[in-house]
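The following exercises concern salt bridges, burial, contacts and strand pairing. Each task is followed by a solution in steps.

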Amino acid sequence: SLHLCLPPERAAAEVESGWAEYHPFVLRGQIEPTRLLVYAARDHGELEKLTELVVASHAYATAAADT
């Protein structure tokens with residue numbers, strides 16, 4: 001699995017869709033609900049989705065760094 005950060009709305013959507021779960025510290029209220037555990041890809045289709053999530057996480061992280 002991977003640890004990723006996504007905007008809150010996107011994180012919630014990915015959890016709802018089954019692609020990710022909230023980091024355990026999110027569930028304890030210790031960190032914001034942008035932190036996710038994302039499952040490893042098992043085939044090429046899943047690898048494409050995982051790549052999309054990594055790119056989105058990078059965009060979120062670099063946008064935050066620019067502010």
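**Exercise 1. A salt bridge within a helix**

In this predicted model, Arg10 and Glu14 form a salt bridge whose closest N and O atoms are 2.8 Å apart. Determine where the two residues lie and classify the accessibility of each.

Solution.
- Step 1. Both Arg10 and Glu14 belong to helix H1, which spans residues 8-17. They are four residues apart, about one turn of the helix.
- Step 2. Buried means under 20% relative accessible area, and partly exposed covers the range from there up to the 50% limit for exposed.
- Step 3. Arg10 has a relative accessibility of 25% and therefore counts as partly exposed.
- Step 4. Glu14 has a relative accessible area of 5%, so this residue is buried.

**Exercise 2. Lys49 and its partners**

Establish which residue forms a salt bridge with Lys49, and which residues Lys49 touches beyond four places in sequence.

Solution.
- Step 1. Lys49 is found in helix H3, residues 44-66.
- Step 2. The salt-bridge partner is Glu52, with the closest N and O atoms 3.8 Å apart. The criterion for a salt bridge is a distance within 4 Å, so the pair Lys49 and Glu52 is accepted.
- Step 3. Because Lys49 and Glu52 are three residues apart in helix H3, about one helical turn separates them.
- Step 4. Lys49 has a relative accessible area of 17% and is therefore buried, whereas Glu52, at 40%, is partly exposed.
- Step 5. Leaving out residues up to four places away in sequence, Lys49 touches Arg10, Glu14 and Trp19.
- Step 6. Arg10, Glu14, Lys49 and Glu52 are linked in a network of salt bridges. As a general principle, side chains of opposite charge can pair when their charged atoms come close.

**Exercise 3. Strand pairing and a further salt bridge**

Identify the strands that pair with S3, and describe the salt bridge formed by Arg35.

Solution.
- Step 1. Strand S1 (residues 2-5) pairs with strand S3 (residues 35-38) in the antiparallel sense, over four bridges. Within this arrangement, Cys5 stands opposite Arg35 in S3.
- Step 2. Strand S2 (residues 20-22) also pairs with S3 in the antiparallel sense, over three bridges. Here Tyr22 stands opposite Leu36 in S3.
- Step 3. Arg35 forms a salt bridge with Glu32, and the closest N and O atoms are 3.0 Å apart.
- Step 4. Arg35 is partly exposed, with a relative accessible area of 32%. Glu32, at 37% relative accessibility, likewise counts as partly exposed.
- Step 5. The search of the whole structure finds six salt bridges; the pair Glu32 and Arg35 is a salt bridge, as are Arg10 with Glu14 and Lys49 with Glu52.

**Exercise 4. The surroundings of Tyr60**

Is Tyr60 buried, partly exposed or exposed? Which residues does Tyr60 touch, not counting those up to four places away in sequence?

Solution.
- Step 1. Tyr60 lies in helix H3.
- Step 2. The relative accessible area of Tyr60 is 29%, so the residue is partly exposed.
- Step 3. With residues up to four places away in sequence excluded, Tyr60 touches Cys5, Leu6, Pro7, Pro8 and Thr34. One of these, Cys5, is the residue that stands opposite Arg35 in S3.
- Step 4. For Tyr60 and Leu27, which are 33 residues apart along the chain, the separation of the C-alpha atoms is 21 Å.

Conventions:
Residues are numbered from 1 along each chain as its sequence is written. This is a predicted model: local features need pLDDT of at least 70, side-chain atom pairs count only at pLDDT 80 or more; totals for chains, interfaces and linings use all residues. Side-chain values use heavy atoms; hydrogens and water are left out. Buried means under 20% relative accessible area, exposed over 50%, partly exposed in between (1.4 Å probe, protein chains only). Contact means heavy atoms within 4.5 Å. Two strands pair if DSSP finds at least two bridges between them. A salt bridge is a side-chain nitrogen of Lys or Arg within 4 Å of a carboxyl oxygen of Asp or Glu.
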